[in-house]
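Here is a short tour for anyone at the bench who wants to get to know this protein and its ligand. Have a look at the sequence and structure first, and then read on.

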Amino acid sequence: MLIAVANQKGGVAKTTSVICLGGLLAERANCLAIDLDPQGNLTTGLGVELASDQISCYDVITEQASALDAIVSTRSGLSLLPADITLASGETEILTKVGNFYLLKECLEPVLSQFPYILIDCPPSLGLLTVNALAAADAVLIPVQCQFFALKGLASLLETIGSVQKRLNRNLQILGVLPTMAESNTLMTQDVLASIKKRLPSVTIFDPVPKSIKFSESNLAGEPIHLYTKETKLVQPYKAIANLITNI
Ligand SMILES: Nc1ncnc2c1ncn2[C@@H]1O[C@H](COP(=O)(O)OP(=O)(O)OP(=O)(O)O)[C@@H](O)[C@H]1O
Ligand SMILES: [Mg+2]
């Protein structure tokens, strides 16, 4: 099962969700996390420092190396296809390639049999890299921050998903929306949750992930949240999605 974690809005917990969910899935079966963001936050967030000559997502997407040669293991148990800023020039280089929407899908073919679960951390844009992720994925998970303007970009994301379903990948499903950084006692969070439900009546809305400094701390420690803390209310929302994925 290949899941793209996408939202073109920045800082909504895409990368954190890939680490937390991926860490849980990796305890059940081989799980690969793909850093498809030139910021490389997933790579650093999993405690990996890329050497300048190391094979990364850039070499894979520009067809200079096989994905299998780029994958590294991390201390959280997740395997990682790492990235750094060179991926930004990769996105430009593939602009003129024929069939460039399907480059990632092709690159991943050799790794599919090794990894029952693959999560893709998308960049905060609806550019070619995100479209490649959506074209390759079985499902998309949409983290939405419980903040003012949270829903502003959602319409264009859903439009892009619709276009991908129509033209590139008929099998793409919306796994659901994951409200993040929720403060259960605030009007803001209540308001965002109510608006999401109203706007997307037929989409699964997962239990919100509470706002907690422990997520930043676990990111710094290079660990998924369940290895960093036993606090059930922080771990449970990700566990519920991991359970859903493993039962599909
Ligand atoms: N539930 C949470 N509570 C509080 N802080 C959180 C939570 N989840 C993530 N964060 C923090 O919010 C910040 C943004 O998270 P993250 O980097 O995962 O977002 P992103 O969507 O991947 O951002 P970008 O669009 O830049 O890639 C990070 O500092 C992270 O530690
Ligand atoms: Mg990110």
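The report below takes up the ligand site and then the cysteines.

## The model and its ligand

Please keep in mind that this is a predicted model. Around ligand 1 there are 19 residues, and those that come nearest are Lys-14, Thr-15, Thr-16, Pro-210 and Asn-219. By class, the shell around ligand 1 holds seven nonpolar, eight polar and four charged residues.

## Polar contacts and cover

Two of the contacts involve oxygen atoms of ligand 1. A polar side-chain atom of Thr-16 sits 2.5 Å from an oxygen atom of ligand 1, while for Ala-13 a backbone N or O atom lies 3.0 Å from an oxygen atom of the ligand. Ser-212 also uses a backbone N or O atom, placed 3.0 Å from a nitrogen atom of ligand 1.

On its own, ligand 1 has 630 Å² of accessible area, and the protein covers 82% of that. The elements giving two or more residues to the shell around ligand 1 are α1 (14–26) and α10 (213–221).

## Cysteines without a bond

How many disulfides does the model have? The count is zero. A disulfide needs two cysteine sulfur atoms within 2.5 Å. Cys-20 is not bonded because the closest cysteine sulfur, in Cys-31, is 12 Å from its own, too far for a bond. Likewise, the sulfur of Cys-122 is 11 Å from the closest cysteine sulfur, that of Cys-57, so the gap is too far for a bond.

Are these two cysteines buried or exposed? Cys-20 is buried, at a relative accessible area of 1%, and Cys-122 is buried with a value of 1%.

Notes
Residues are numbered from 1 along each chain as its sequence is written. Chains are lettered from A and ligands numbered from 1 in the order in which they are written. This is a predicted model: local features need pLDDT of at least 70, side-chain atom pairs count only at pLDDT 80 or more; totals for chains, interfaces and linings use all residues. Side-chain values use heavy atoms; hydrogens and water are left out. Buried means under 20% relative accessible area, exposed over 50%, partly exposed in between (1.4 Å probe, protein chains only). A residue is near a molecule or strand if one of its heavy atoms lies within 4 Å of it. A polar contact is a pair of N or O atoms within 3.5 Å; within protein, one must be able to donate a hydrogen and the other to accept it, and residues adjacent in sequence count only if both atoms are side-chain atoms. Accessible areas come from the Shrake-Rupley method with a 1.4 Å probe; for residues, only the protein chains shown count as cover. Helices (H or I, at least four residues) and strands (E, at least two) are DSSP runs, numbered from the N terminus. Ala, Val, Leu, Ile, Met, Phe, Trp, Tyr, Cys and Pro count as nonpolar, Asp, Glu, Lys and Arg as charged, and the others, Gly among them, as polar.
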